[in-house]
Amino acid sequence: MDFFDRFAIPNPSIAIYASMVAIGLTVVAIIAGLTYFKKWGYLWREWLTTVDHKRIGIMYLISALIMLFRGGVDAIMLRAQLAVPDNKLLDPQHYNEVFSTHGVIMVMFMAMPFIFAFMNYVVPLQIGARDVAFPRLNALSFWLFFFGAMLFNISFVIGGSPDAGWTSYFPLAGNDLSPHVGTNYYMMAIQISGIGSLMTGINMITTIFKMRAPGMTLMKMPMFTWSVLVTNLIIVTVFPVITVALAMGTMDRLFGTHFFATTNGGMDMLWANLFWVWGHPEVYILILPAFGLYSEIISTFSGRNLYGYKSMVASMVIISALSCMVWAHHFFTMGQGALANSFFSITTMMIAVPTGVKIFNWLFTLWKGKIRFTVPMLYSLGFIPLFVIGGVTGVMLAMSAADYQYHNTMFLVAHFHNTIIPGVVFAMLAGLTYYWPKMFGFMLNERIGKWAFWLLSIGFCLAFFPMYITGLDGQARRMYTYSEATGYGPLNMLSFVGAGVMAISFALIVYNVYYSVRYSPRNIGADPWDARSLEWATHTPVPEYNFAIEPHVASSEAFWDAKKKGHELFPGKVEKIHMPNSSGVPFIMSAIFFVFGFSMIFSLWIPAIISLIGIFACMAHRSFENDHGRYISVKEIEETETKLRGVN
Amino acid sequence: MKVDHTLPLEYSTKQNGMNIFGFWVFLAAEIMLFATLFTSYFTLEHRTGSGPSGAEIFEIAPVLIETFVLLTSSFTIGLGVHAMRIGRKKAMMTFFVITLLLGLVFLGFEIDEFITYIHEGATLQTSAFTAMLMTTLGTHGLHVTFGLFWGTAILLQVKKRGLTPETANKSFIFSLYWHFLDVVWIFIFSFIYLKGMM
Amino acid sequence: MSELFPRKQIMGFVFSLVLTAAALTVYFLHLSFAQGMAVLLITAFVQALLQLVVFMHAGETKDKWIIYGKVYFMIAMALITVFGTLLIFLWDM
C-alpha cells in the first residue's frame with residue numbers, strides 16, 4: 001500500500017472529503033449526461049478538435065468563469081476565517097493552502113484565460129482575418145492551459161495543495177519546509193499552462209502583424225488589437241523566464257539540486273528575483289488588454305472616437321518596456337543596497353506617467369460625448385476612479401524607503417486587489433457583457449447587470465478599503481488569525497461583509513445568464529451597441545469564415561465610417577475560402593502533458609518517460625502529416641450568407 | 001494555396017511567410033530563455049559550496065573542438081539553404097546531412113565533457129554552480145539533440161516529397177534554429193568557458 | 001560546383017573563425033578582468049550579428065524592421081534582466 005500512500009491528502013478535513021465526493025459525482029454526472037444525450041460525438045467534433053478561434057475563445061471563457069468560481073470560494077473562505085479574532089474555521093495549514101491556490105488560480109487560471117478568451121474571439125474579427133496565423137497551435141495553447149488548470153485543481157483532492165503562497169518563495173517551497181507534493185503541483189501546472197501562454201503570444205503577434213485586412217496599417221488598428229499586440233510582446237518576453245525558474249524549482253524539489261537551497265552555494269533569493277522578472281510584467285499582461293477593452297467600450301458609448309489615439313499607443317509601448325525594469329520593487333526589503341532600490345523605485349514611479357496619460361485620454365473621450373449608461377459603460381466608469389486609488393497607493397508602495405513599513409501588510413493586499421479588481425475583473429465583466437451578443441446571439445439583461453455592477457462596486461469598496469487601514473496599523477498578510485487585542489476585528493468583519501456582497505453580485509451575474517438565455521430577444525441584429533470597429537460588421541452569429549468578403553479598411557473605426565460616411569467596407573465578390581481542418585492532436589497531446597505532469601509530481605519516472613515519448617510522437621506526427629486544409633465553396637458561402645441575412 | 005513564384009520557395013505562400021515570421025518571434029523568446037539561464041549562471045557562478053570551481057574543471061581543448069564543429073555546421077547549413085534556393089536538391093541534402101553529422105560530433109564531445117565532470121566530482125547535486133553549469137549546457141545540448149531529430153525528419157520529407165513550398169519552408173526554419181543554437185553557443189563559449197578560465 | 005559556395009557565406013565563415021580566435025586571446029594573454037570582458041563582449045556580439053545578418057537572412061523580406069525590432073527589443077530586455085539581477089545580487093548587496 002506504500003505506493004498509494006503518496007496520493008493521500010496530508011491534512012484531510014471534512015471540507016476536502018466533501019469536495020472529493022462532489023468532484024466524483026460531477027464527473028459521473030457529466031459522463032452519464034453526455035452518454036444519455038448521445039453528445040460524445042458532438043463534443044469531440046465541434047469542440048475538442050476545433051481549431052476555430054471563436055470556439056476556442058468561448059472555451060477559454062467558460063474555463064475562466066469556472067475558475068473564477070473556484071478562486072472566489074477560496075476568497076470567501078479566507079475572509080470568513082479572518083472575520084473575527086482567534087477564529088478556528090480553518091487551521092493554519094488549510095489557510096496557507098487556500099491563499100496559495102486563491103492567488104495562483106485567480107492570476108493564472110482565471111485572469112489569463114479571460115483575456116485569452118477576448119484575444120481569441122475578438123482580434124481576428126477586429127483585423128478582418130479568417131482565423132489566427134496558426135489555428136492548430138492555438139488549439140494546443142488552449143488545451144495546454146486547460147490541462148494545466150485541471151492538474152492544479154486536482155491537487156486539492158490528490159496529494160495536497162501547494163501551501164507556499166502564489167509566489168512560492170524558497171526556501172519555504174523547498175523540500176525541507178514543504179515536504180508534501182503540493183509545490184510540485186504548482187511547478188508542473190504553471191509550467192504546462194505557461195507553455196500554452198507562450199504559444200499564444202507567438203500566434204497573436206504573427207496574426208496581428210501578418211493578417212490585417214487590406215488598408216489597416218498599424219496606426220489604423222483598433223485600440224484593443226493594439227493592446228493585445230503589446231501584451232503578447234510582453235508574454236513572449238517574460239514567459240521564458242518563468243519557464244526556466246519553474247524548471248529550476250522542479251529540479252530542486254525532484255532531483256536534489258541546490259539552486260534555491262540555503263546549502264551548497266544555493267541562493268533562495270534568486271527564485272524571488274526570477275519569479276518577479278516574470279511576475280511584474282505578468283500583471284501588465286493582465287491589465288493592458290483590460291485597457292484595450294475600456295478604450296473600445298468608452299469610445300462606443302460616448303459616441304466619440306477615442307481621444308489621443310497616438311498617445312494611447314505610445315503609452316502602452318512605454319508601459320510594456322518599463323514593466324520589465326521594475327521587478328525588484330516586490331522585494332525592496334530583501335537586503336540589496338540603496339542604489340538598486342533607488343533605481344527600481346524610480347522606474348516604478350515612472351510607470352504612473354503613461355498610465356496617467358491613458359486615464360486622461362479616457363476622460364477626454366467622455367468629454368462632450370453622448371454617454372449611454374449601459375452595463376459595460378458602468379464598469380468602465382467605475383474603473384476610472386477606483387483604479388486611480390489603486391494606482392496612487394501603488395506609487396506609495398514604490399517608494400522603497402516607505403515600503404519597509406508597508407511591506408507584507410494588508411496595505412499591499414488592498415493595493416493590488418484595488419488595481420486588479422477594478423482594472424482586470426471589471427474589464428472582463430464589461431467585455432463579457434459587451435461581446436456576449438456577438439458570441440451567443442442575445443443580450444444580457446441590462447437591469448440585472450446594473451444591479452450586479454453596483455453590488456460589486458460597493459462590495460469591493462467594503463472589502464478592500466478597510467485593509468488599507470488595518471495594513472497601516474500593522475496587520476500582516478498571510479497570517480491565519482490575529483488576537484482580539486490588536487483591534488483589527490471590526491474592520492476585518494467589514495471586509496467579510498464586503499466579500500459577501502461581492503459574492504451576491506457574482507451570483508446575480510450567473511442568474512443573469514440564466515435569465516437572459518430564457519427571456520432575451522434573439523433578433524438583435526449584428527450591431528446591437530451601435531459600435532465602431534470591424535467585429536460588428538459581420539453577422540451574428542459569426543459564420544466560421546468570419547467575413548464572406550475580405551474587408552477593406554481606411555481608418556481605425558472602419559465600421560463607423562461605413563455606417564456614417566458611406567465608406568465601402570466589402571468591395572469585391574465572394575470567392576472560395578481556405579480554412580484549416582480540425583484536429584484531435586492538440587487535445588491528445590495536452591492530455592499526455594497532463595499525464596506527464598502528474599507523473600512528475602509524484603516522481604513516477606516510468607510513466608513520465610513514456611508520456612514524454614508520447615509528446616514527441618505527437619510532434620513527429622504533425623511534422624510528417626500532409627494537411628492542406630479545405631475550401632468552402634462559393635455556393636456554400638452564399639447559402640450561409642442568405643440564411644444569416646434572413647435572421648437579421 | 002496561392003503560390004507566388006516571384007519569391008523563394010520557402011516564402012512562396014502566405015502561410016509560409018507567417019511560419020517564418022512566427023519562428024522569428026519564437027527565437028526572440030528563446031533569447032530570453034537563455035538570458036535567464038545566463039542571469040542565474042552569473043549569480044551562482046562563484047557559489048561553489050564544497051564543490052569545484054569553473055577554473056578547476058574547464059578544459060580548453062574539447063571546448064575549442066566543440067566550438068569549431070558547431071561553427072562549421074552553421075556554415076554548412078547556410079550552404080544548404082543556398083543550394084536549396086538555386087534548386088539543387090541533392091547538394092542541399094548533402095549539406096544538411098553534413099550539418100547533422102557535425103551536430104552529432106558536437107553532442108558526443110559534450111556528453112564526454114559531462115562524464116568527465118561527473119568523474120571529477122561535479123554532479124548536478126554538488127553545488128549551485130555545478131547544477132547551473134550543467135543546466136545551461138544541458139539546455140543547449142537538449143536543443144541540439146532535438147534539432148538532430150527534427151532535421152532528420154525534414155530530410156526524410158525532402159527526400160520523399162522533393163523541394164515543395166512546404167519542405168523548403170521547413171528546411172529554412174530549421175536552418176534558422178540551427179544558426180540560433182550556434183549564436184547561443186558563442187555566448188556559452190565566451191561567458192562561461194573563457195570567462196571562467198580567464 | 002562553385003555556385004554552391006557563394007563568396008558571402010565563405011567570408012562569413014572565415015570571419016567567424018577570426019572572431020573566435022580573437023576571443024581566445026583572453027585565454028592565452030594575461031589581460032585584466034575588464035580588458036578580457038571587453039574583448040569577449042565585442043567578439044560575442046559581433047559574432048551574433050554576423051550570424052543574424054549573413055546566415056539567418058534577417059533582413060531579406062519586407063518584415064525586416066519588425067524582425068530586427070523584435071530581436072533588438074529582446075536583446076535589450078535580456079541585458080536588462082542580466083544586469084538588473086547582477087546589480088541586485090552582486091554589485092549592491
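The paragraphs below look at chain B and then at two contacts made by chain C. The structure is a predicted model, and what is said here should be read with that in mind.

Chain B is a convenient place to begin, since its secondary structure comes to six helices and zero strands, and a reader who follows the sequence of chain B meets the pattern α-α-α-α-α-α. Taken along the principal axes, the box that holds the C-alpha atoms of chain B is roughly 65 × 30 × 25 Å. Chain B has 198 residues, of which 56% count as buried, and among its contacts with a separation of 6 or more, 76% join residues that are 24 or more positions apart in the sequence.

From chain B one can pass to chain C, for the two touch in a contact that takes 37 residues from chain B and 35 residues from chain C. On the side of chain C, the elements that give two or more residues are α1 (7-28), α2 (33-55) and α3 (64-91), and α3(C) gives the most, with 12 residues. In character, the residues on this side of chain C divide into 22 nonpolar, 10 polar and three charged.

Chain C also touches chain A, in a contact that takes 12 residues from chain A and 11 residues from chain C. Here the side of chain A draws at least two residues from each of α9 (268-302) and α11 (338-366) of chain A, while the residues of that side divide into seven nonpolar, five polar and no charged.

Methods. Residues are numbered from 1 along each chain as its sequence is written. Chains are lettered from A and ligands numbered from 1 in the order in which they are written. This is a predicted model: local features need pLDDT of at least 70, side-chain atom pairs count only at pLDDT 80 or more; totals for chains, interfaces and linings use all residues. Two residues are in contact if their C-beta atoms, placed from the backbone, lie within 7 Å. Helices (H or I, at least four residues) and strands (E, at least two) are DSSP runs, numbered from the N terminus. Ala, Val, Leu, Ile, Met, Phe, Trp, Tyr, Cys and Pro count as nonpolar, Asp, Glu, Lys and Arg as charged, and the others, Gly among them, as polar. A residue is buried if 20 or more other C-beta atoms lie within 10 Å of its own, exposed if 12 or fewer, and partly exposed in between; C-beta atoms are placed from the backbone.
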